[in-house]
Amino acid sequence: MTDWIVFWAVIGIALAVDSAVSRNKSGARRAGLWSAIWVGLGVGFGGWIALRHGGEAGITYLTAYLLEKSLSVDNLFVFILIFSLTGIPAALQPRVLFWGIAGALAMRAGLIAVGVELLERLHWAIYPLAALLAYAAYRMLRGEERQTQLVEKGCALCTSWLARVMSIHPQLEGARFLVRKDGRWMATPMLVALAVIETTDLVFAVDSIPAVFAVTRDPFLVYSSNIFALLGLRSLYFLLSGVIRKLRFLRIGLAVMLLLAAAKLALGSLVHVPPLVSLAAIVVIFSVSIGASLLFPGRAKSCTHRDQIAAVEPNTEGCEECLRTGERWVQLRMCLKCGHVGCCDSSKNKHATAHFRATGHPVMRSIQPGESWKWCHVDGVRLD
């Protein structure tokens, strides 16, 4: 009981301070400071466990924590994609991430409790869990495109699963998740982004929690390592969002970790791997994948159609096709060759993409307030 009291006291105080000083702020300096604080708290808690329960327990916790922290970095790729697709500006992203991570705390508690009970009652359950980890490693190596497609489908305002439950208001209403229009409650893009974050975290949790079971079955160590790894994600996102895609070998390193966890889980009754060896393996794999990414960055894709960008102005104040039928869509894209204005791919009609397919004009830009990015359809890259 003392362990849980100390754990929740540390978490509560840190969350209260973080929320108070970081409200609607996402500067790199603040993000770097809080990333360091959360990592310090996570590692320091391992020291407290070592003092209270012995060195082996402390090393086991640190191994579980570093494994979860490493695997949680993959969430950052998804955060970037979700905010890009739903058009959530940087000033509102902290609010979405705060509630997204808060929901993950409750969801993971339930999953961990079920997992521990399952392994206690059914020893053979370790084998399907090990197979699940091996499949997760394969998906991480080969399934990035499918992951992107699933997130894109979830973020589409008109066709997401949330749109089947309630009506979607396509325009941001400040920091509100819900807005009342014409006598009914409607979800804003903020709620769509939050819903996708929660559903994707469920997928990540199904992968990462069995990986921690390969390290320990102690519910307290599993949950505390999960939570400390998750709570630094918000700050880590704002710190690394600009460079995370340059870490080209990171997914390979994470896949190797999952494969090793699968082997350890399946062969745990036959081969004993000391906690210190597991900890060293995670540190080495993560360090090598980051170092290799920095040493061998590869050639970034670039746009080869800049010569087709003209100094054009929007032809209309809204989507040309939607205006003809009396519809109104606020997330707009403009063709940089002819000035055509179309609705984005979150709409049911996707007129901006339809214009490219009809004309072959390659580059468009967002004309939504607060956004300035350009996109080349042909090369599939954003322009600087």
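A residue is taken as buried when its relative accessible area is under 20%, and because D379 has a relative accessible area of 17%, it falls in the buried class. In this predicted model, D379 is placed in the loop that runs between strand 6 (374-376) and strand 7 (381-383). Two contacts of its side chain can be described. The D379 side chain reaches the backbone nitrogen of T304 at 2.8 Å, and it also makes a polar contact, at 3.0 Å, with the side chain of H305. The buried carboxylate-bearing loop residue is thus described by its 17% relative accessible area, by a contact to the backbone of T304 and by a contact to the side chain of H305.

Three salt bridges are present in the structure. In one of them, the side chains of D3 and R52 meet with an N to O distance of 2.7 Å; as D3 belongs to helix 1 and R52 to helix 2 (residues 28-53), this pair ties together parts that lie 49 residues apart in sequence. The two partners differ in their accessibility class, for D3 is buried, with a relative accessible area of 13%, whereas R52, with 42%, is partly exposed. A further salt bridge joins E68 to R108, with 3.4 Å between the closest N and O atoms. Here E68 is contributed by helix 3 (residues 55-72) and R108 by helix 5 (residues 93-121), so that the pair ties together parts 40 residues apart in sequence. Both E68 and R108 are buried. The salt bridge between E173 and K181 has its closest N and O atoms 3.8 Å apart, and its partners are each partly exposed, E173 with a relative accessible area of 24% and K181 with one of 30%.

Helix 9 (residues 189-213) comprises 25 residues and extends 36 Å from its first C-alpha to its last, close to the 36 Å expected at 1.5 Å a residue. The helix nevertheless contains a kink of about 30°, which is centred on A205. Helix 9 is also mostly covered, with 20 of its 25 residues buried.

Several pairs of residues that are separated along the chain can be placed relative to one another in space. Two of the residues concerned, H169 and Q171, are found in the loop between helix 8 and strand 1, the bounds of these elements being 161-165 for helix 8 and 178-181 for strand 1. H169 counts as buried, at 12% relative accessibility, and its C-alpha atom is separated by 10.0 Å from that of V330, a residue 161 positions away along the chain. Q171, by contrast, is partly exposed, with a relative accessible area of 32%; Q171 and G87 are 84 residues apart in sequence, and the distance between their C-alpha atoms is 9.5 Å. In helix 3, which also holds E68, G58 is found. G58 counts as buried at 2% relative accessibility, and its C-alpha lies 9.9 Å from that of G44, with the two positions 14 residues apart in sequence numbering.

At the start of the chain, M1 is found in the segment before helix 1 (2-22) and counts as exposed, at 75% relative accessibility. M1 is also part of a nonpolar patch on the surface, which it forms with W4, I5 and W8, and the four residues together have about 470 Å² of accessible area.

A backbone feature was also noted in a loop. Most residues other than glycine have a negative phi. In K350, however, phi is near 55°, a positive value in a residue other than glycine. K350 is placed in the loop between strand 4 (341-343) and helix 15 (351-359), and, at 31% relative accessibility, K350 counts as partly exposed.

Note on methods
Residues are numbered from 1 along each chain as its sequence is written. This is a predicted model: local features need pLDDT of at least 70, side-chain atom pairs count only at pLDDT 80 or more; totals for chains, interfaces and linings use all residues. Side-chain values use heavy atoms; hydrogens and water are left out. Helices (H or I, at least four residues) and strands (E, at least two) are DSSP runs, numbered from the N terminus. Buried means under 20% relative accessible area, exposed over 50%, partly exposed in between (1.4 Å probe, protein chains only). Patches are made of residues with over 30% relative accessible area and no salt bridge: like charges are joined within 9 Å, nonpolar side chains (Val, Leu, Ile, Met, Phe, Trp, Tyr) within 5 Å. Accessible areas come from the Shrake-Rupley method with a 1.4 Å probe; for residues, only the protein chains shown count as cover. A polar contact is a pair of N or O atoms within 3.5 Å; within protein, one must be able to donate a hydrogen and the other to accept it, and residues adjacent in sequence count only if both atoms are side-chain atoms. The expected span of a helix is 1.5 Å times one less than its number of residues. The bend at a residue is the angle between axes fitted to the seven residues ending there and the seven starting there.
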